[in-house]
Amino acid sequence: MKSRGFVLIVIAVALAVAPLLVNTSKAAGGYSAQLISPTAGQVAYPGQKIRVEWRSILPPINLGACEMEVWLSLDGGHTYPMMISPWMGPKAQYFDWTVPNTPTKHAVLDIRFGCEPGYPESFSPQPASTFTIAPAAPAS
């Protein structure tokens, strides 16, 4: 009798934890994005305006409450502390960005898609397109 209860508890815990172990991009029904610009190895300068552009595949759902966001990592994709995009509809493919004064040789963008409350936020980090944000030029 005790082993039956134990087995039920193990199954209940496994079912509760399983969603946490799923990669949300795949669970989200096929969302994916591919960065076009900036390109791998590109050097951007503080104050420069550059076009951030991508292609995306969206899931076959009602996109009425959906949005796109682009987040910036300065540490090669370990963390993404800055949302750099304006509010964008789900079919957005680009925006113009003023590069901040945050020098790094390991800038990576994450192109996110989601619909609240019915569709999970899905992530699409772009580590293959790591670029550089150069230090600001010294004042003369």
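This is a short tour of a predicted model, going from its disulfide to its nonpolar core and then to its aromatic pairs.

**The disulfide**

Begin by selecting C66 and C115 and showing their side chains, since the structure holds one disulfide and these are the two residues that it joins, with an S to S distance of 1.6 Å. C66 lies in strand β4, residues 66-73, while C115 lies in strand β7, residues 104-115, so the pair ties together parts that are 49 residues apart in sequence. If you look along the S-S bond, the torsion is about 90°, so the disulfide is right-handed. Both ends are buried: C66 has a relative accessible area of 3%, and C115 has one of 6%.

**The nonpolar core**

Next, select W54, V70 and W97, which touch the most other members of the largest nonpolar core, a set of 26 residues. To see where this core is drawn from, colour β1 (32-37), β3 (49-57), β4, β6 (94-98), β7 and β9 (131-133), the elements that each give two or more residues to it. Of these, β7 provides the largest share, five residues.

Now stay with W97 and display its surroundings. Leaving aside residues up to four places away in sequence, W97 touches Q48, K49, I50, V52, L72, I84, F131 and I133.

**Strand β6 and its partner**

Widen the selection from W97 to the strand that carries it, and turn the view so that both faces can be inspected. Which residues of β6 are on its covered face, and which are on its uncovered one? F95 and W97 make up the covered face, whereas Y94, D96 and T98 make up the uncovered one. This can be read against a general pattern: in a regular strand the side chains alternate between the two faces of the sheet.

Then add β3 to the display; five bridges join β3 to β6, and the two strands run antiparallel. To find the register, select E53, which stands opposite Y94 in β6.

**The aromatic pairs**

Finally, turn to the aromatic rings, for which a search of the whole structure finds four pairs. One of them is formed by F113 and Y119, whose ring centres are 5.5 Å apart and whose planes are at 70°, an edge-to-face arrangement. Both of these residues are buried, F113 with a relative accessible area of 1% and Y119 with one of 10%. Add Y31 to the selection as the last step, and you will have the three residues Y31, F113 and Y119, which form one aromatic cluster.

Key: Residues numbered from 1 in each chain as written. Predicted model: local features only at pLDDT ≥ 70, side-chain atom pairs only at ≥ 80, totals over all residues. Heavy atoms only, no water. Phe/Tyr/Trp six-rings, centres within 6.5 Å; stacked < 30°, edge-to-face > 60°. Buried < 20%, exposed > 50% of the residue type's maximum accessible area, 1.4 Å probe, protein only. Disulfide = S-S within 2.5 Å. Helix = DSSP H or I, 4+ residues; strand = E, 2+ residues; numbered from the N terminus. Core = buried A, V, L, I, M, F, W, Y, C linked by side-chain atoms within 4.5 Å. Contact = heavy atoms within 4.5 Å. Pairing = 2+ DSSP bridges.
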